[in-house]
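Biologist: I'm new to reading structures. Could you show me how to look at two helices packing together, and then at a patch on the surface?

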Amino acid sequence: MILFEHVGKRYGGRFEALANIDFRVRRGEMVFLTGHSGAGKSSLLRLIMLLERPTRGRVLVAGHDIGRLHPSQVPFYRRQVGVVFQDHQLLFDRSIFHNVALPLEIRGFDPREAARRVRAALDKVGLLHREKALPIELSGGEQQRVGIARAVVNKPSLLLADEPTGNLDPQLSADIMALFEDFNRIGTTVMIASHDLALIARLRHRVLRLRDGRLVADEEAA
Amino acid sequence: MSRQPPAPPRGARTQRPRSSSRIRGWLRHHRAMCLDSARRLLRTPIGSLLTMLAIAIALVLPAALWLALDSARLLDAELDESATLTVYLERHVDEAQAGRIGEAVAAQEGVARTRPISAAEGMAEFQQALGLEDALERLEDNPLPASIVVVPLDPAPEAVRRLAGELEALSGVDEVRLDLAWLERLRHLAELGSRLALALAVLFGLGVLLVVGNTIRLAVESRRQEIEVVMLIGATHAFVRRPFLYSGAWYGLGGGLLACGLLGLGNQWLAAPVSALAASYGASFTLPRLGAEGSATLLLCSTLLGWLGAWIAVSRHLAEVRPR
């Protein structure tokens, strides 16, 4: 599903965020990306989201060299990748329902079909009863779950998450991770950047460990 | 992962709407953004009105000048009809001779019509025009010669000048007057006016672009976070641009409507003194109105200008707004 070949990323010609990264994630796998802050986790995810392009090497997603995508193709690529952001990136002037419906609206879905899917996604994250609320009325954990619902409403084949449990207490973090495992169980490839080592250890999935922009360990699932 | 030839990622299968439903979705988004942008404008009525007023003021001046020129052109067309020559006969010519000369003039090549004016008729017209009856009545003798008004076939200045030369060579003809000089002057003025109007229209059109562009730039700035988020989840530039294009078009349309209203008001305001002025010259002249066609043109232009201004502003900005 994801293939990194000798990928390097420099910012401003000097600072080397990633150097010589090689790994492969198979379809349907669930992978954690870990390392201390500044190790390059976010940079790596940004390359897959096409928010950045590598300065060296190639990134392939589903067999396509995404570095070669024309800028006009980028939106269509992004629609196939669900992303959960640490800071949720919700729109605070519209309801939970409309936040989750946004990816479908962008794709021009029929409103009834969209409503059906939005409710299904909200139901999955346990927030169906809050669909009319505004994001500001929700707790951090609930906002994160809205972000997850929005990422999966499109039924993407690849789900990325950048520190999805960043500011949550251990119980909420475990709940969120359980959600990701559910999506992985129905075939979605999941990649999660997190520095919550205790939680990761308990979940027993493959772990990619980054240090100073280098891949220092690739531990297969126990 | 296998390296298969291009195939969309599967996994939990991304569903792509069929093309017919995609078109419907596209139309739906247009309709939604059209209404949504109108609602946003109405949410800040004073600000929107000020922007539209700025657009209207920029449109009124060139539109008014264009109207004035249009009526000048109408006047010019009438004058073409009356691009006449006046053939003055020698004073000693009697009525029978005048009739013969008149026939000769009418037979001349390039003459469309003639109208003979006897000395007595000339006197009567002169008195009527100047209102100098008393003074002229004291004259013992009619000082005016008989004349023939000639309407040429070709009103072009060179042709008229050539015809004048030919008529002057006829015996019994004292002088041929042609009133070309002031006609040409009027033409030059009209040409100058229309160029001025065009230059003004271009300048003020740019003004409208700037007004709309600046307003839209602020709107984009205030919705920056929203734009970043929708771009993160796969919105195309066209999708992001759409609501702002509709806002621009609404501003343009509103400005155009206000401009039409201002022109109508101006017309009312000036109508009375203008017709009084015209009446004092013994003419009847009404100020030109924009009319349905003119209003439609103005509205179309203003809407397009608003749309274009928004397009430029958003496109310039989209290059800067990069999802973080």
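Modeller: Sure, and keep in mind that this is a predicted model. Start with who touches whom: Gly141(A), Gln144(A), Arg145(A), Ile148(A) and Val152(A) of H5(A) meet Leu172(A), Ile176(A), Leu179(A), Phe180(A) and Phe183(A) of H6(A).

Biologist: How do the residues of that contact divide into nonpolar, polar and charged?

Modeller: Seven are nonpolar, two are polar and one is charged.

Biologist: And at what angle do the axes of H5 and H6 of chain A cross?

Modeller: At roughly 10°, and the axes come within 11 Å. Angles under 35 degrees count as roughly parallel, so H5(A) is roughly parallel to H6(A).

Biologist: Now the surface. Which residues form the nonpolar patch in chain B?

Modeller: Look for Ile46(B), Leu50(B), Leu53(B), Ile57(B), Leu262(B) and Leu265(B); together they have about 580 Å² of accessible area.

Biologist: Which element gives the largest share of the patch?

Modeller: H2(B), with four residues. Helix H9 (237–280) of chain B also gives two or more, and Leu262(B) lies in that helix.

Conventions: Residues numbered from 1 in each chain as written. Chains lettered and ligands numbered in written order. Predicted model: local features only at pLDDT ≥ 70, side-chain atom pairs only at ≥ 80, totals over all residues. Heavy atoms only, no water. Axes fitted to C-alpha atoms, helices over the stretch in contact; angles between N-to-C directions. Parallel < 35°, antiparallel > 145°, perpendicular 65-115°, else oblique. Contact = heavy atoms within 4.5 Å. Nonpolar A, V, L, I, M, F, W, Y, C, P; charged D, E, K, R; others polar. Patch = residues over 30% accessible without salt bridge, like charges linked within 9 Å, V, L, I, M, F, W, Y side chains within 5 Å. Areas by Shrake-Rupley, 256 points an atom, 1.4 Å probe, with all protein chains shown as cover. Salt bridge = Lys/Arg side-chain N within 4 Å of Asp/Glu carboxyl O.
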